[in-house]
Amino acid sequence: MLDRRQVLAGLGTIAAAGLLPKALWAAGKISLDRTSVLVVIDVQNCFLPGGSLAVKDGDKVVPVINALAKKFPDVVMTQDWHTPGHVSFASTHSGKKPFETIDLKYGKQVLWPDHCVQGTDGAGLSKDLAIPQAELILRKGYNKDTDSYSAFNEADGRSTGLASYLKARKLQRVFLAGLATDFCVAWSALDARKAGFDTYVIEDGCRGIDTGGSLAKAWADMAKAGVKRIQSSDLAG
Ligand code: VGL
Ligand code: ZN
């Protein structure tokens, strides 16, 4: 049986001979192609240091994502975009505190500090993101009674339209980075898999909230669903 090195060496020879599209193989790294899209999740002021739902070291993702974005032909970004008095805010429910949970008609909901209220500075994208070529900014969580961690589906299952957009544009390989690993990134990755996309989460381009074991559970759920966990250094080019 061939071992992995022989297979890689063999592939290299085939690629060098022009028999394998070079786009799919480059020195053992993941090569991007015209079907690859970077989806940058919720790099918004509320989730950055000093924000109302600050993710530890959330700002560290920005230079990683700026560098990543240069490699991608297509970039989409999302914004968490809640109404005032949103159902996901602890302040909406009397006697409830942030990080407690309640049961809603669509399932368990973690309650958060007020964050990403439509049109506020906190909901704005980080001013340090340098991705002018981003072609779509998708807002989510704008229905007052429904949260939407996922960029693809609201918590009650309604579509945001993102899967249809990506499919219409023949974007089949979805690479995710942003905030927070264990909520909006993970839920987006799981829904991307459900919608049939080849799905990668770029770990060093993400940071997590980690409440009640959420970070370890998110990685376990993603692994089980076939989401590939990679580092930004795994990408070619
Ligand atoms: C997020 C909690 C609440 C996220 C959004 O972007 O991960 N987390 N709303
Ligand atoms: Zn939110």
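# Burial, pairing and a zinc site

Trainee: In α2, V61, V62, V64, I65, N66, L68 and A69 are buried. What makes a residue count as buried rather than exposed?

Mentor: Buried means a relative accessible area under 20%, exposed means over 50%, and partly exposed lies in between, with a 1.4 Å probe and protein chains only. Helix α2 (residues 61–69) is called mostly covered on that basis, because seven of its nine residues are buried. This is a predicted model, in which local features need pLDDT of at least 70 and side-chain atom pairs count only at pLDDT 80 or more, while totals for chains, interfaces and linings use all residues. Residues are numbered from 1 along each chain as its sequence is written, chains are lettered from A and ligands numbered from 1 in the order in which they are written, and side-chain values use heavy atoms, with hydrogens and water left out.

Trainee: What covers the buried residues of α2?

Mentor: The cover includes β1, β2, β6 and β7, where helices (H or I, at least four residues) and strands (E, at least two) are DSSP runs numbered from the N terminus.

Trainee: Why is strand β6 described as largely enclosed?

Mentor: Seven of the seven residues of β6 (residues 173–179) are buried, so the rest of the structure largely encloses this strand. In a regular strand the side chains alternate between the two faces of the sheet. Here R173, F175, A177 and L179 point one way, whereas V174, L176 and G178 point the other way, and all are buried.

Trainee: How do you know that β6 pairs with β1, and in which sense?

Mentor: Two strands pair if DSSP finds at least two bridges between them; β1 (residues 36–41) and β6 have six, in the parallel sense, and therefore qualify. Within this pairing, V39 has L176 as its bridge partner in β6. β6 also pairs with β7 (residues 198–207) in the parallel sense over six bridges, with F175 opposite Y200 and G178 partnered by C206. Y200 in turn has K228 of β8 as its bridge partner.

Trainee: What makes the unit of β6, α4 and β7 right-handed?

Mentor: A crossover is right-handed if, with the strands pointing away from the viewer, the path from the first strand over the helix to the second runs clockwise. β6, helix α4 (residues 181–194) and β7 form such a β-α-β unit, as do β7, helix α5 (residues 214–224) and β8.

Trainee: Why is the site of the zinc ion (ligand 2) called irregular?

Mentor: D80 (OD), H82 (NE2) and H115 (NE2) coordinate this ion at 2.0 to 2.2 Å, and donors are N, O and S atoms within 2.8 Å of the metal (3.2 Å for Na, K and Ca), although sites may look incomplete because water is not among the atoms. Four donors count as tetrahedral if all angles lie between 85 and 135 degrees; four count as square planar and six as octahedral if opposite donors are over 155 degrees apart and all others between 65 and 115; anything else is irregular. The angles among the four donor atoms run from 88 to 172 degrees, so the tetrahedral limit is not met, and the site is classed as irregular.

Trainee: How do you know that H93 is buried or exposed?

Mentor: H93 has a relative accessible area of 18%, so it is buried.

Technical notes:
Contact means heavy atoms within 4.5 Å.
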